[in-house]
Every structure is written in C-alpha cells, then in structure tokens.
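Here's a walk through one protein model, strand by strand and contact by contact. Have the structure open and follow along.

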Amino acid sequence: MTRRRDGIRRPAPAGHQPPARRGRPTPPEPFTVPDPPEDTGTSTEADPSGDGEPPARHGTPARQGLSGAEPARTRRQPAGQTPPAAATPSRGAEPSAPRGRPTQPEPFTVPDPPEDTGTSPEADPSGDAEPPARHGTPAGQSLSGAEPAKTRRQPTGQTPPAAATPSLGAEPSAPRGRPTEPPQRPDGRAHPVAAGGPGRSGRYAALLAAMLAAVLAVSAVIFVGVSADGLRGRNTPARDGGGAGNPVAPASAGTWVTAWATAPGGGEPGTETTGLAGRSVRNVVHTTAGGTRARVTLSNLYGRAPLTLTHASIAVSAGPDTAAALAGTMRPLTFAGNPSVVVPAGGQVVSDAVRVPVPRDAHVLISTYSPAPSGPVTYHEHARQISWVAEGEHTRDSTGAAYNGQSTVWRYVTALDVLSDDSEGTVVVLGDSLTDGISSTTGADARWPDVLSGRLRAALASGRDLPRYSVVNAGLSGNRVLADGPGRPPRNAAAPRRFDRDVLGRANVRVVVVVLGVNDILRAPDTADPERIVGGLTALTERAHARGIKVVGATLMPYRGHHGWTPYGEDVRQRVNAEIRDGGVFDEVVDFDEAVRDGYDPRRLRAGHDSGDGLHPSDEGYARMAETFDLKALKGGAPARL
C-alpha cells in the first residue's frame with residue numbers, strides 16, 4: 001500500500017519493496033515487555049504530527065515497516081532502563097534507536113487486518129482516537145510526559161500470530177475477537193491510542209455524529225425556548241413579576257383575553273381643533289371575563305396631531321349609572337413605566353399591565369386626562385352606555401364627584417384585556433349596527449353579543465362541555481364588506497380593512513362571528529352584486545383561517561319596512577343567504593334570518609322583534625338572536641389547511 005499526500009492509501013505495485021530508511025530498523029520478531037516503571041521525569045520526544053506517530057516518508061505508508069507489514073505498537077521504555085531479553089529477530093537485524101529518541105524495546109509485529117467486513121472493533125467512546133492536548137501536554141503524550149504505547153486492534157474473529165514467550169510475567173493476550181486492551185493512564189482511565197480505534201473514515205464518522213448530536217441538542221433547546229417565549233405578548237400566559245406591594249405587575253399565572261372592546265369609528269364632531277384639552281374623560285365599559293391584571297388600549301386613529309395624556313387610571317365601578325369607583329380598586333395606569341404617554345396621530349398605545357381584581361359581568365371605569373389640544377377625538381359613536389366628563393385632572397378621583405358631565409360615546413379607549421383564570425380565549429363578533437346594538441336600551445347591556453356571553457357562562461355553570469371564552473363586540477354601525485366610508489382615514493373602514501386591528505389585534509382570539517352584508521345591499525339597492533358580497537365574506541374566512549381562527553357566519557336578516565328596501569335588494573339577500581346556508585362560506589352558520597323573520601311575511605322582522613324601523617331588532621329581537629346561536633358552534637378550531 002502507498003499513501004498519497006491526501007492521506008489515501010493506494011496499493012503498491014507488484015513486487016515493490018520500499019527502500020530502507022536511514023535510522024529505521026528492520027522489524028524483528030515480536031517480544032513482550034513489562035509495563036514501564038513510574039515516570040522519572042524524562043519525557044519522550046513528542047510526535048510532531050500530533051497524532052502519536054511520525055508521517056510516512058519516501059513512499060512508505062505510515063504505520064508500515066520496511067518489510068511491508070505494519071509494525072507492532074510498542075510501549076516506550078523510559079530512558080536509562082534496559083529492556084528485557086527478546087526472542088531472536090526473524091531477519092537478524094539489530095535495531096538501533098532513532099537519533100534523538102530514547103532506546104525502545106523491540107516491537108511485536110501484527111499482520112495487516114483483512115478488509116472491513118462491517119464488524120468494527122470497539123471504538124473510543126469519545127468518537128476520536130485521541131483527545132486533544134490539555135494544559136500544555138502535546139497530543140499523543142501521556143499526562144506523565146511519556147508517549148503512550150501504540151497498539152493495533154485485532155479485527156473480530158481473526159487470531160493474532162503467535163508471539164515469543166512473554167517474560168517477567170507479562171499480561172496474557174486478549175481473548176479472540178476482542179482487541180487488546182490499551183494501557184492505563186496514571187488517573188486510571190484507559191489511554192486512547194491513535195491507531196487502535198477506528199480508521200480515518202471511522203473517526204470522521206464519529207466526529208460527524210458527535211457534531212450532529214450537538215446541533216440537535218442546541219436546536220431542541222432553541223425550539224423549547226421559542227415555544228415557551230415566542231408567543232409572549234397579547235396571547236400568552238405570563239408569570240408573576242412583582243411583589244404584592246407593586247401595583248404595576250406585567251405578569252402572573254393565567255391567560256390574556258379581551259374582556260371588552262369596541263371599534264373606533266371616526267373623529268368626534270366638535271373636537272376638531274381643541275379635542276378635550278383640560279378635561280378628564282371617564283369611560284364606562286362592560287366586561288365579559290374577569291381577571292387579576294388589566295391593560296388598556298388607547299387610540300388616536302383619527303387625530304391630526306399627537307395626543308398627550310399625562311394621567312390615566314382604571315377602577316371597578318361602584319355600581320350602575322355612577323362615576324364612583326369601588327373602594328380599593330383605583331389604580332393609575334403607566335406606559336413603559338411612565339405615567340404619561342404621547343400617542344402619535346393615527347396610532348394607538350397599550351398600557352402596562354396593572355394588578356387590579358376585575359370581575360366578570362361588571363362595569364369598569366377607564367379615565368384619561370389630556371392637558372393640550374389634540375383634536376379630533378377618536379371615538380365610538382353608538383356606545384349605548386353612559387360615560388362621564390370632568391373639568392380638570394380627576395383621573396384618580398374615586399368618589400366621582402367631579403364628573404358632572406355625561407356622554408353616550410366612548411372616547412380614546414378601544415380595548416380592555418385581563419389576565420384571566422376563568423377564560424381561555426376570546427370570541428370577536430364582527431358586524432354592523434345589528435351587532436353594535438344601535439337600537440338596544442342604553443345602559444342595559446342588551447346587545448346580542450352581551451346576551452350571548454351570558455348564555456355561555458350560564459351553560460358552563462350548569463356543567464356543559466363548552467369552551468370558556470369571553471365575547472367582545474366589534475360592531476360598527478354602517479359597516480360594509482366591499483366599501484369604506486368617506487374620509488382619510490375612512491370614518492367607517494370596510495371590514496377587510498379593519499380586520500387586523502379589530503379582530504386579529506385582540507387577545508387570544510379563538511372564534512370570529514361575522515354578521516355583515518346588509519349595508520352592502522342598502523347602499524346599492526339596485527346594483528348590489530351577490531357574488532361580490534359572498535366573495536368578500538369568504539375572504540374574511542380565509543384570513544381568519546390563516547391565523548388558526550374558526551369562523552361562524554350569520555345569514556342576512558329581513559328588512560322590508562325599512563326605507564332602503566327594494567325587490568332587487570331582497571333578491572340579492574336571498575341569493576347571499578342561499579350561499580351561506582350551502583356551507584361554502586363559513587365554518588359554522590347561525591340562521592338569524594329564520595330566527596327573527598315574520599311567519600306570514602318572511603321578508604319582514606317579526607313584530608315583537610322589530611325596534612320600529614323595520615331593520616334593527618328590539619331588545620327582545622337581540623335576545624332571540626343570541627338564543628338562536630348554537631353554543632356548540634364555538635367548539636373546535638379552524639379546519640386544517642391542506
């Protein structure tokens with residue numbers, strides 16, 4: 001065999017006899033030497049290659065003698081010690097030690113092993129034939145300074161040649177089929193031997209396997225870390241990060257859900273130049289989930305200038321129709337640790353989480369104060385709830401005495417999230433005025449999503465197997481699927497435009513309920529295209545599915561008797577409903593049309609369900625809508641994407 005510069009062995013030509021090298025003895029017949037005594041401090045010369053044996057020279061393969069057979073591995077003899085008498089060498093050559101090397105015992109010769117049959121000798125468990133040098137010890141040298149003995153592993157099933165009778169009680173040879181055990185280090189561990197482990201390819205394979213195992217281990221750690229932390233924010237459980245005395249606590253055990261929400265619909269008329277500078281606004285909102293922490297979203301979507309809020313607070317209301325706070329619940333809000341915040345024009349901010357017990361099915365007071373003009377004020381027009389206004393800064397006034405002004409709109413605030421232990425997700429109802437509850441009784445929380453939330457909680461309390469979800473209202477009067485309202489930004493953005501903000505932007509959304517389409521017919525009573533309306537509704541479903549959110553859709557309710565009704569529009573409504581009932585638009589369908597229509601004239605609302613305008617239901621009609629909703633439709637998730 002010959003070795004090229006690339007380290008690959010090649011067969012030697014027939015009859016080739018490598019020339020003798022100066023200073024290299026002809027290998028004699030083998031003999032066995034005893035273990036060397038303890039190191040005397042005289043170390044052998046380290047192999048310059050760093051792998052425990054010199055490189056091949058003059059075409060002679062490494063580890064191969066002049067006879068063409070691979071030399072035996074020898075145990076180096078410490079300088080100054082005479083080796084024992086050996087058997088008569090086979091070729092009569094008297095070995096001489098290489099220049100600069102201590103005298104060595106005569107080697108034990110082992111023939112070349114046959115081709116690998118797939119049964120490899122035991123490899124060094126480290127995957128490498130020799131560990132790297134440590135603390136200045138050269139590679140291939142023992143910790144005592146002496147170079148370790150070289151051994152040749154015997155392939156399984158091959159009997160080594162007979163050796164001379166061992167002297168001085170030498171150790172017996174290893175059993176057939178097992179490699180010779182390597183010498184021991186001073187620390188008691190077996191000394192790895194460069195030539196005794198697997199070959200070069202075996203070492204490379206072992207090294208590759210070790211590297212692969214390390215990569216997999218690191219990947220697993222990263223995956224676990226990402227799985228645990230990647231969803232932190234609006235949708236993940238958090239952990240307690242503050243003591244009991246710290247009211248600002250961004251974390252604890254539980255799940256973030258949205259307990260209340262609304263859709264900003266435009267800039268409030270009359271606030272275009274000064275906004276509400278110098279006044280405190282106390283919004284009253286109704287919760288559908290309880291929790292131990294809370295955070296608030298404030299919007300300046302329709303403002304033309306930055307909105308400066310120097311004070312903000314949250315508290316549980318002391319009762320209905322009052323600006324007073326329940327004793328012990330008033331908490332200041334902060335933003336990145338600061339009591340004030342500047343909301344850019346067209347933007348919104350989310351407060352820090354604050355520790356406050358928020359009950360389910362309760363009213364919460366969210367107060368803000370702005371000292372400077374910043375109009376117009378972003379608001380939701382049809383709140384159907386009494387809120388409060390006070391001159392001056394009174395955001396932390398628990399008595400509510402300063403709040404002598406009332407309003408029926410929500411200003412600035414668009415969402416209230418809670419860290420909940422009684423809810424595991426959020427249902428968002430995306431709709432128009434029928435969902436907004438424009439005709440429901442003010443302050444009664446009689447909108448159909450409010451009633452649906454109450455039904456769900458009652459069913460859970462009775463032991464039914466249903467998901468524990470909050471229900472929030474993203475209804476916006478006049479909302480359409482196919483077109484925006486006027487203005488820039490539009491006063492009434494179409495459902496696809498506001499979908500990310502008003503649906504996907506809520507905490508831990510699991511289900512979206514879509515109740516839209518009537519306004520697309522009313523605003524184009526003679527030209528509305530049922531195929532475009534169905535296509536717009538289907539697109540909303542696809543966007544929800546892309547986020548793993550289930551979609552429940554409703555049929556379009558009758559509205560004959562309203563001034564916008566036409567026979568053509570009625571035909572469009574019937575065709576849209578047929579597509580919805582066919583099951584190709586939503587994951588689940590709730591048939592509001594069938595629930596509230598008149599039995600004698602299905603183009604009209606039933607008398608008791610009509611608020612009087614032929615289009616919007618009464619409180620009784622809203623209750624009927626909620627009762628028709630099958631609660632089992634909330635179970636499960638979005639269908640798998642193929």
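V427 has V471 in β20 as its bridge partner. That pair belongs to a parallel match between β19 and β20, which runs over 7 bridges. A quick note before going further: this is a predicted model.

How many of the residues of β20 are buried? The count is 7 of 7, so by the under 20% cut-off for relative accessible area the strand is mostly covered. In a regular strand the side chains alternate between the two faces of the sheet. In β20, Y469, V471, N473 and G475 point one way, while S470, V472 and A474 point the other way, and all of them are buried.

**The nonpolar cores**

β19 and β20 also turn up in the largest nonpolar core, which has 36 residues. The residues with the most contacts inside that core are L430, V512, V514, L516 and L537. Two or more residues each come from β19 (425-431), β20 (469-475), α4 (495-504), β21 (509-515), α5 (518-522), α6 (530-546) and α7 (567-581). Which element gives the most? That's α6, with 5 residues.

L516 is a handy residue to click on here. Setting aside neighbours within four places in sequence, L516 is in contact with L430, G431, D432, N479, V481, A495, L537, L540 and L556. There's also a second, separate core of 31 residues, and L298, L309, F335 and V354 are among its members.

**D436, a buried acid without a salt bridge**

D436 sits in helix α2 (residues 433-436). D436 is buried yet has no salt bridge; R447 is the nearest side chain of opposite charge, 5.6 Å away. That distance is outside the 4 Å cut-off for a salt bridge, so R447 doesn't count as a partner. What does the side chain of D436 make a polar contact with? It's the side chain of S477, at 3.0 Å. Leaving out residues up to four places away in sequence, D436 touches H380, H382, R384, R447, N473, G475, L476 and S477. Two of those, N473 and G475, are on the list of β20 residues that point one way from the strand.

**Salt bridges**

The model has 21 salt bridges by the rule used here. Three of them are set out below.

| Pair | Closest N to O distance |
|---|---|
| R295 and D417 | 3.2 Å |
| R498 and D502 | 2.9 Å |
| D591 and R581 | 2.9 Å |

Take R295 and D417 to begin with. R295 lies in strand β6 (residues 291-299) and D417 in strand β18 (residues 413-420), so this salt bridge ties together parts that are 122 residues apart in sequence. Both residues of the pair are buried.

R498 and D502 are another story: they're 4 residues apart in helix α4, which puts about one helical turn between them. R498 is buried with a relative accessible area of 0%, and D502 counts as buried at 1%.

Then there's D591 with R581. D591 lies in the loop between β23 (588-590) and α8 (592-596), while R581 is in helix α7, so the pair ties together parts that are 10 residues apart in sequence. Is each partner buried or partly exposed? D591 is buried, with a relative accessible area of 17%, whereas R581 is partly exposed at 37%. Both residues also belong to a salt-bridge network that links E570, R573, R581, D591, D593 and R597.

**R411 and the open sheet**

R411 is in strand β17 (residues 410-411). R411 is buried, with a relative accessible area of 9%, and its side chain joins that of E268 through a polar contact of 2.8 Å. Apart from neighbours within four places in sequence, R411 is in contact with E268, L276, V281, N283, V377, T378, Y379 and V389.

Two of those contacts, V281 and N283, fall within the residue range of β5 (279-286). β5 is part of an open sheet of 6 strands with antiparallel pairing, in the order β9-β8-β13-β5-β15-β16. At the edges stand β9 (331-332) and β16 (405-407), each with a single partner strand, so one side of each is left without a neighbour in the sheet. Further in, 8 bridges join β5 to β13 (residues 363-370), and the two run antiparallel. In that pairing, R279 stands opposite S370 in β13.

Terms used. Residues are numbered from 1 along each chain as its sequence is written. This is a predicted model: local features need pLDDT of at least 70, side-chain atom pairs count only at pLDDT 80 or more; totals for chains, interfaces and linings use all residues. Side-chain values use heavy atoms; hydrogens and water are left out. Buried means under 20% relative accessible area, exposed over 50%, partly exposed in between (1.4 Å probe, protein chains only). Lys and Arg count as positive and Asp and Glu as negative; His and the chain ends are not counted. A polar contact is a pair of N or O atoms within 3.5 Å; within protein, one must be able to donate a hydrogen and the other to accept it, and residues adjacent in sequence count only if both atoms are side-chain atoms. Contact means heavy atoms within 4.5 Å. A nonpolar core is a set of buried Ala, Val, Leu, Ile, Met, Phe, Trp, Tyr and Cys residues joined through side-chain atoms within 4.5 Å. Two strands pair if DSSP finds at least two bridges between them.
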